[in-house]
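Student: Please take me slowly through one part of this structure, as I have not seen it before. I would like a close look at how that part is packed, with enough of the whole to place it.

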Amino acid sequence: MTGAATGIGNLTARALAAAGHTVFASMRDPFGRNVARSRELLDLAVKENIDLRVVELDVQSQQSADDAVRSVLGETGRIDVVVHNAGHLMVGFAEAFTAEEVGHLMDVNVLGMQRVNRAVLPHLRSRGEGLLLYVGSTTSAVLPPFLAPYVASKAAFDALARTTGYEVGRFGVESTIVMPGPFMSGTEHFPNATRAGDGQVTAAYAALEPLVERNEEATAGLFRDGIDADPAAVADEIVRIVDLPRGNRPSRSVVDFTDAGVEQVNEAGDTAQRNYLTRMGFGELLETASKQ
């Protein structure tokens, strides 16, 4: 589980362990800057008698990803599921982000997943089975304003996950993309968000500031009355998918309490993609190979 220090990753690590799985909750510097968070998970493991462990992983380093996979394999001998959850949020006007800032976000949100896959896929391919479960976002289907770098990174994340899935599926490795919608509480996504670095350009967009100021209120207005949008619902859905028998896992699952219409977007896109690959003569790439 990448990005397990806080938010959905932390909730999911706990939920998977409570469901009886051996879970390696990964985070940067778990015995330094994140020692309190890693200690909390390790104390929970003792208290609840669950198999919840911590491993160091910085998704911005291929060496760190390689070391994390090697460490897990050294302790258990196998990896069955990788949950790609690590990610960061940027908020502001698109023009006000420098190319370097956007590049940094892409490095975390997209290349981080690629590094972990490069570290773990040789093991999964050699076994002819496994699950890559990606925590994407509904923002890859419906585009909220004032989050341009984040939206672009989640779209790239989604596309890379899907196209990787065509290839690794022929080696028996399944792929699922879980798409959470917005949550107004229960995560540190928005509190920890990076703001656009170019203050001069941000000032030039002052006329749009009233829209930014009511963006949170506008998002909250998407939820039906009485709906409790708890990010634990995402963790529960991930546990459900992991526990499904091989060959019965969905390619996508949407956990959205705003009725954004993401399921309809996915259906139309998946139908077009299936038809496109079939016409190319590559229909077999849409199916996961049976374990030999």
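Tutor: To follow the names used here, take a helix as a DSSP run of H or I that is at least four residues long and a strand as a run of E with at least two, each kind numbered from the N terminus. By that reading the protein, which is a predicted model, has ten helices and eight strands. Its radius of gyration is 19 Å, close to the 19 Å that the globule rule gives for 292 residues, so the protein is as compact as a globular protein of that length. Along the principal axes, its C-alpha atoms fill a box of roughly 60 × 55 × 40 Å, and buried residues account for 44% of the 292 residues. Of the contacts between residues at least 6 apart in sequence, 75% link residues at least 24 apart.

The part to look at closely is the meeting of two helices, together with the strands beside it. Helix α3, residues 62-76, and helix α4, residues 99-127, have axes that come within 8 Å of each other and cross at roughly 35°, and the crossing of α3 past α4 is right-handed. On the α3 side the contact is made by Gln 62, Ala 65, Asp 66, Val 69 and Leu 73, while α4 brings Arg 115, Val 116, Arg 118, Ala 119, Val 120 and His 123. Sorted by class, this contact holds six nonpolar, two polar and three charged residues.

Val 116, named among the α4 residues that meet α3, is also one of the contacts of His 84. His 84 belongs to strand β3, residues 81-84, and because its relative accessibility is 3%, below the 20% limit, it counts as buried. Beyond its neighbours within four places in sequence, His 84 touches Thr 2, Met 113, Asn 117 and Phe 157 among others, and its contacts also include Leu 132, Leu 133, Tyr 134 and Val 135. Those last four residues fall in strand β5, which runs over 130-135.

Leu 131 is in strand β5 as well, and with 0% relative accessibility it counts as buried. If neighbours within four places are again set aside, Leu 131 is in contact with Asp 80, Val 81, Val 82, Glu 174, Ser 175, Thr 176, Val 242 and Arg 249. Two of these, Val 81 and Val 82, lie within the span of β3. For a sense of distance across the model, Leu 131 and Leu 277 are 146 residues apart in sequence, with their C-alpha atoms 22 Å apart.

The strand β5 then leads towards a loop that deserves attention. Phe 146 lies in the loop between β5 and α5, residues 148-168, and its phi is positive, about 65°, although it is not a glycine. With a relative accessible area of 16%, Phe 146 is buried. A second residue of this kind is Asp 29, which is not glycine either and has a positive phi near 45°. Asp 29 sits in the loop between β1 (23-27) and α2 (35-48), and at 33% relative accessibility it counts as partly exposed.

How values were computed. Residues are numbered from 1 along each chain as its sequence is written. This is a predicted model: local features need pLDDT of at least 70, side-chain atom pairs count only at pLDDT 80 or more; totals for chains, interfaces and linings use all residues. Side-chain values use heavy atoms; hydrogens and water are left out. Axes are lines fitted to C-alpha atoms, for helices over the stretch in contact, and angles run from 0 to 180 degrees between N-to-C directions. A crossing is left-handed if the near helix is turned anticlockwise from the far one by less than a right angle, and right-handed if clockwise. Contact means heavy atoms within 4.5 Å. Ala, Val, Leu, Ile, Met, Phe, Trp, Tyr, Cys and Pro count as nonpolar, Asp, Glu, Lys and Arg as charged, and the others, Gly among them, as polar. The radius of gyration is taken over C-alpha atoms; the globule rule is 2.2 Å times the number of residues to the power 0.38. Buried means under 20% relative accessible area, exposed over 50%, partly exposed in between (1.4 Å probe, protein chains only).
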